[in-house]
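Please open the model in a viewer and keep the selection panel at hand. The stops below are arranged so that each selection leads to the next.

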Amino acid sequence: MNPKQHEIDPRQLLQQMLLIRAYEEAIVAGSGTGKIPGTCTSVGQEAAAVGVVNALAGDDLILTNHRSAGHLLARGADPGRLLAEVMGRSDGYCRGHSGSLHISVKELGIVLTSTIVGAELSLAPGVALSQTMLNRPGIVVCFFGDGAACEGSFHESLNLAALWNLPILYVCENNQWQAFVHRREATSRDHIADWAASYGIPARTVDGNDVSAVLAAAQEAAAQVRESGRPYLLENWTYRTRGHFEPDDQAYVDPAEREAWLARDPIAMCRDCLIADGHLTPAQAAALADKVASRIAVAQSFAEASPFPDVSELTRNVYA
Amino acid sequence: MTTLTLYDAVGAALTEEMRRDHSVLVFGEGIATKRHDLVQEFGARRVRNTPLAEGIIAGTAVGAAGTGLRPVIDLLFAPFLCYAMDELVNSAGKLRYMSGGQFSFPLVTLTMTGAGWGVGAQHNHNNEAWFVHSPGLKVVMPSNPADAKGLLKAAIRDDNPVLFFLDIGLLYQPGEVPAGEQTVPLGKAAVLRAGSDVTLVSYGKTVHHCLQAADTLAGKGIAAEVIDLRSLKPLDEATILASVTKTGRLVVVHEANRLCGVGAEIAALVAEEAFARLKAPIVRLGGPDAPVASSYPLEQAFVPQAEAIAAAAERLCSYQHA
């Protein structure tokens with residue numbers, strides 16, 4: 001199935017972004033009270049995740065990283081099982097062995113999640129090799145940040161993917177921050193997309209806070225990877241509005257820069273646009289937010305009720 | 001039986017397993033060049049040269065193994081594994097566990113090490129213990145062509161990542177290899193010579209030094225039992241303990257640095273599990289805490305030789321408790 005052929009309801013995109021935001025805000029609130037372990041949130045980057053994931057087909061495979069809530073939820077992961085995983089409970093997708101940082105959900109095609117910055121890039125060519133050698137239809141989508149693009153694995157991965165004709169859609173979420181370092185201090189170019197040209201890989205930078213723009217760019221990129229069997233790099237220009245890891249006082253952040261990006265909040269932009277275009281009334285928008293809030297409340301109850309793994313799980317699944 | 005070198009035994013195992021299972025593929029630094037017969041039989045899709053970039057070779061293998069293929073990769077020399085540590089240790093070794101068992105990683109990493117070619121410390125570093133210490137990985141190091149073939153066939157069929165160390169000094173030594181389907185199970189040591197007085201435990205080229213030492217010891221009326229571990233993880237604890245229970249004396253020998261080497265684990269195992277049976281202290285013989293020099297006499301001096309092994313065993317046999 002090529003999702004490009006189907007009209008995607010923009011209200012569905014808004015709802016997914018609201019769900020991601022509510023989910024991460026619940027984690028932030030819970031980590032403040034010590035109830036939930038801290039995580040790396042993707043607050044401010046929801047459009048980048050939702051736009052790309054909605055451009056994919058069901059048999060496409062996704063590799064993500066430590067900032068994965070958007071990818072997981074947009075792909076249809078159950079927030080209750082995600083929260084259970086974050087809280088180390090046995091109903092988590094990884095039986096509580098992962099925590100928030102490396103959640104994989106094989107049944108949704110979210111595979112081999114690693115929190116080592118750049119590891120997703122090192123693993124992606126192999127996943128794409130499996131797709132081509134085993135004649136499976138899906139392409140491989142690899143989400144990484146501007147920080148990962150500074151790892152050698154980014155360059156090694158792009159070189160091999162171009163050399164071996166691997167169907168990989170590289171998606172760089174350039175959120176301006178590499179842990180506690182601004183990308184200006186760490187990256188020789190403003191745009192990661194510029195580097196793709198060295199490897200003969202087509203690339204494009206899109207406004208990562210505009211969900212419609214991301215969706216359209218990702219549909220086009222995914223179609224190109226599907227048709228050519230070759231890699232493509234899409235850079236989502238966005239911003240991490242919260243810290244690297246919760247809690248984080250962000251004292252190192254220039255308030256003016258953050259304010260400017262907050263004024264371009266992807267959820268507010270999408271909602272205002274839908275209301276202005278007549279796709280949504282303010283009352284309907286409020287109802288969507290309520291619906292999402294109650295879903296997160298149910299998820300939280302589910303996660304809290306889930307038992308911790310038995311100590312016998314300590315050495316389970318080390319070896320096949 | 002046919003006579004093959006260890007290098008050709010590896011080729012025979014690859015050929016047989018690639019015929020048997022179409023999900024097996026090999027790639028690495030020059031493997032399609034050096035083993036061109038594989039390219040001729042299986043084609044360029046299943047036998048690939050790669051860039052000289054160990055990280056992406058290993059990462060690609062892990063990604064492929066986690067999603068349905070059974071890759072064998074050639075990373076040439078063991079010190080080069082340093083470039084692939086994240087992929088082997090953090091990805092191959094941990095992602096099965098961290099995902100709650102959603103993935104498995106059937107992949108084999110071939111790598112060479114050990115004295116023999118005078119290649120110096122950045123091509124010769126017996127770092128196998130690093131991987132024994134890393135969860136989720138299996139580690140093997142054969143001492144002869146027959147075991148190399150049988151262990152490699154078993155490693156390719158295993159659903160876990162296996163580090164496969166090839167001893168440079170043994171690579172072109174010929175040996176008898178059983179024809180056809182014969183696997184050597186991972187985690188099973190071989191008792192190469194039975195004896196009741198002292199146990200010599202080793203792997204790789206120093207197994208042969210132990211066998212030479214056992215000959216010398218036999219001339220002095222000492223019956224040495226020689227155990228070739230073959231697999232370092234899983235470790236065949238039962239065979240080691242059964243032998244030491246019988247002999248009461250243990251010499252552990254390996255080329256790798258003695259400090260925190262595999263021998264330290266074996267000595268600790270025997271001290272914990274068979275202390276009451278010991279008639280003498282345990283002896284470990286291994287390389288020094290030094291990089292390996294290229295110069296021939298220094299490279300040879302790094303490796304425990306038969307004379308030192310025999311002398312250690314003899315001392316143990318005349319040991320008297322104070």
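Partly exposed describes a residue whose relative accessible area falls between the buried range, under 20%, and the exposed range, over 50%. The model on display is a predicted one.

**Stop 1: a salt-bridge network in chain B**

Select Arg20(B), which is partly exposed because its relative accessible area is 41%. Add Glu17(B) to the selection: a salt bridge joins it to Arg20(B), with the closest N and O atoms 2.8 Å apart. Both residues belong to helix α1 (residues 6-20) of chain B, and their spacing of 3 residues places them about one helical turn apart. Is Glu17(B) buried or exposed? With 0% relative accessibility, Glu17(B) counts as buried.

Extend the selection to Glu16(B), Lys149(B), Lys153(B), Arg157(B) and Glu181(B), which are linked with Glu17(B) and Arg20(B) in a network of salt bridges. Over all chains, the structure holds 31 salt bridges. Side chains of opposite charge can pair when their charged atoms come close.

**Stop 2: two salt bridges in chain A**

Move to Asp9(A) and Arg11(A), whose side chains meet in a salt bridge at 3.2 Å, N to O. Asp9(A) is partly exposed at a relative accessible area of 30%, and Arg11(A) is partly exposed at 35%.

Next, select Arg204(A) and Glu220(A), where the N to O distance of the salt bridge is 3.9 Å. This pair links distant parts of the chain: Arg204(A) is in strand β6 (residues 203-207) of chain A, and Glu220(A), 16 residues apart from it, is in helix α9 (residues 211-228) of chain A. Arg204(A) has 33% relative accessibility and counts as partly exposed; Glu220(A), at 43%, also counts as partly exposed.

**Stop 3: a negative patch on chain B**

Which residues gather in a patch of negative charge on the surface? Select Glu237(B), Glu265(B), Glu272(B) and Glu273(B) to display that patch. Helix α11 (residues 262-273) of chain B supplies the largest share of the patch, 3 residues. Glu237(B) is found in helix α10 (residues 237-247) of chain B. With a relative accessible area of 38%, Glu237(B) is partly exposed.

**Stop 4: backbone geometry**

Select Lys233(B) and Pro234(B), which are joined by a cis peptide bond with omega about 0°. Pro234(B) lies in the loop between β12 (231-233) and α10 of chain B. In chain A, select Glu246(A) and Pro247(A): a cis peptide bond joins them as well, with omega about -5°. The loop holding Pro247(A) runs between β7 (232-237) and α10 (255-262) of chain A.

Two non-glycine residues with positive phi follow. Gln176(A) has phi near 75° and sits in the loop between β3 (168-174) and β4 (177-178) of chain A. Gln176(A) is buried, its relative accessible area being 2%. Cys260(B) has phi near 60° and is placed in the loop between β13 (250-257) and α11 of chain B. Cys260(B) is exposed, with a relative accessible area of 67%.

**Stop 5: cysteines**

How many disulfides does the structure hold over all chains? The total is 0. Select Cys142(A), which is in no disulfide; the nearest cysteine sulfur belongs to Cys172(A), 10.0 Å away. Cys142(A) counts as buried, at 0% relative accessibility. Then select Cys270(A), whose sulfur is 6.9 Å from the closest cysteine sulfur, in Cys273(A), and therefore too far for a bond. Cys270(A) is buried, with a relative accessible area of 9%.

**Stop 6: contacts across the sequence**

Select Ala312(B) in helix α13 (residues 306-317) of chain B. Ala312(B) is buried, with a relative accessible area of 1%. Val251(B) is 61 residues from Ala312(B) in sequence, with 7.3 Å between their C-alpha atoms.

Finish at Val298(A), in helix α12 (residues 282-305) of chain A. Val298(A) counts as exposed, at 59% relative accessibility. Add Gly80(A): its C-alpha atom is separated by 7.3 Å from that of Val298(A), although the two residues are 218 residues apart along the chain.

Key. Residues numbered from 1 in each chain as written. Chains lettered and ligands numbered in written order. Predicted model: local features only at pLDDT ≥ 70, side-chain atom pairs only at ≥ 80, totals over all residues. Heavy atoms only, no water. Patch = residues over 30% accessible without salt bridge, like charges linked within 9 Å, V, L, I, M, F, W, Y side chains within 5 Å. Areas by Shrake-Rupley, 256 points an atom, 1.4 Å probe, with all protein chains shown as cover. Salt bridge = Lys/Arg side-chain N within 4 Å of Asp/Glu carboxyl O. Lys, Arg positive; Asp, Glu negative; His and termini not counted. Charge placed at Lys NZ, Arg CZ, Asp CG, Glu CD. Helix = DSSP H or I, 4+ residues; strand = E, 2+ residues; numbered from the N terminus. Buried < 20%, exposed > 50% of the residue type's maximum accessible area, 1.4 Å probe, protein only. Disulfide = S-S within 2.5 Å.
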